[in-house]
Amino acid sequence: MTTARRKLKIGITCYSSVGGSGVVATELGLHLARQGHEVHFITHTLPYRLRGYEDNIYFHQVEVTSYPVFEYPPYALSLAAKMAEVARAYDLDLFHVHYAVPHATCAFLAREMLGRPIPIVCTLHGTDITLVGLEPSYFEITRFSIRKSDRITAVSEYLAVHTRKSFGKDLKIEVIPNFVDPRRFTPRAINARREHLSPDGVPIVMHASNFRAIKNVDHVVKVFARITKEVPSRLVMLGDGPERISAERWVRRLHLEDRVMFLGNQEHIEELLPCANVFLLPSASESFGLVALEAMSAGVPVIATSVGGPREFVEDGCTGYTARPHDLARMARLAIRILRHPAQARDMSRNARAVAIRKYHVNKIARRYEDLYLEVVNGAGKGA
Ligand code: GMT
């Protein structure tokens, strides 16, 4: 006989804009709500991927007011106040915050205001930790906020190691990787969309990101230039951000205008990823690299950076390849190998999807968060 698991009231805070951490937080919340938990998103704007009505989902908008004397609107204070207000009104069991600064800091403040020991689970996604390397003045507040959390999770072993190195070897960090819903990110037969992206039927190389400098989007274009010289193909770029102009400039400089498409931000990336023959993610570093996992789930072999999380799920020669971020020659060579050998590509595609399902299925990973929540609300020790 199975006993019913306790249903929880969970407050989730994340950045709502397009980006892996917001996607993880939102998809996790949606999944937990479908399991019967009550999920309260406490965020600045409606999280991207939270669209339409869903049972058990509540959205509480943080209003950031400004006065002439405030040079900067105090987002963190408004958020902390809102978190305390929602926790009190709905009797929340815990806060799950994504990003240490400022979200774990706000959760700490909210708990102090509430005056009851509501547990805080803090998930680290990477930029919160690397930021400290760039901006030493954030060190103390980040360390404080992490240590005041009851449980800390990191999205890869790489990030956990990196965090311990910066903030203390004694930190207990549970690695809970990113996840994917394989029913949504699924291989699809050649379809009209693919014909539109590649009217001449040549292979499609794809990249998706927020075009931050760390994503090395210029490298995507340069690698593609080498690929298409050997195997006529097309490059589809999904997403938008500060480096898009530079990438477009490289396209012109390399005379690739008729081979490259920039589609901007796309809400339904799951409809486009399966059109690719190979997916490129040459970032300078990635704590996980969620979009590469989504591509794998859609049956697309991945060539990703070997710095960070992708090494933990891209199995060289089996589901794709990893390469050092500046080794453009290797990336191009491996992509050409995939495109020239359809039988090998088919095997890789099958393997990629199988690994995504076996190790990173949303049901499996969300269950780990659920277990952690239950432990923490039942008072099973403070991890930090
Ligand atoms: O990659 C980004 O620029 C977005 C960033 C974020 O904070 O949303 O993504 C980070 O978190 C994702 C979810 O855990 C990870 O899959 C990404 O690898 C990570 N980005 C970096 O480490 C650069």
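**Backbone, helix pair and ligand**

Guide: Pro102 lies in helix H3 (residues 100–114), in a model that is predicted.

Visitor: What makes the peptide bond from Val101 to Pro102 worth a remark?

Guide: The bond from Val101 to Pro102 is cis, with omega near 5 degrees. Most peptide bonds are trans.

Visitor: What is the phi of Asn56, and where is Asn56 found?

Guide: Phi of Asn56 is near 70 degrees, which is a positive value in a residue other than glycine, and Asn56 sits in the loop between strand S2 (38–43) and strand S3 (57–61). Most residues other than glycine have a negative phi.

Visitor: How do you know which residues of H5 and H6 meet?

Guide: Contact requires heavy atoms within 4.5 Å, and on that basis Phe139, Thr142, Arg143, Ile146 and Arg147 in H5 meet Thr163, Ser166 and Phe167 in H6. By class, this contact has three nonpolar, three polar and two charged residues; Phe and Ile count as nonpolar, Thr and Ser as polar, and Arg as charged.

Visitor: How are H5 and H6 arranged?

Guide: H5 (residues 139–147) and H6 (residues 157–167) pack at an angle of about 115 degrees, with their axes 11 Å apart, and H5 passes H6 in a left-handed crossing.

Visitor: Why is the pairing of Lys215 with the ligand called a polar contact?

Guide: A polar side-chain atom of Lys215 lies 2.6 Å from an oxygen atom of the ligand, and a polar contact is a pair of N or O atoms within 3.5 Å, so the pair qualifies. The ligand also has an oxygen atom 2.7 Å from a polar backbone atom of Ser21, and an oxygen atom 2.7 Å from an N or O atom in the side chain of Arg212. The protein covers 94% of the 480 Å² of accessible area that the ligand has on its own.

Notes. Residues numbered from 1 in each chain as written. Predicted model: local features only at pLDDT ≥ 70, side-chain atom pairs only at ≥ 80, totals over all residues. Heavy atoms only, no water. Axes fitted to C-alpha atoms, helices over the stretch in contact; angles between N-to-C directions. Helix = DSSP H or I, 4+ residues; strand = E, 2+ residues; numbered from the N terminus. Left-handed = near helix turned anticlockwise from the far one by under 90°. Polar contact = N/O pair within 3.5 Å; in protein donor to acceptor, adjacent residues only side chain to side chain. Areas by Shrake-Rupley, 256 points an atom, 1.4 Å probe, with all protein chains shown as cover.
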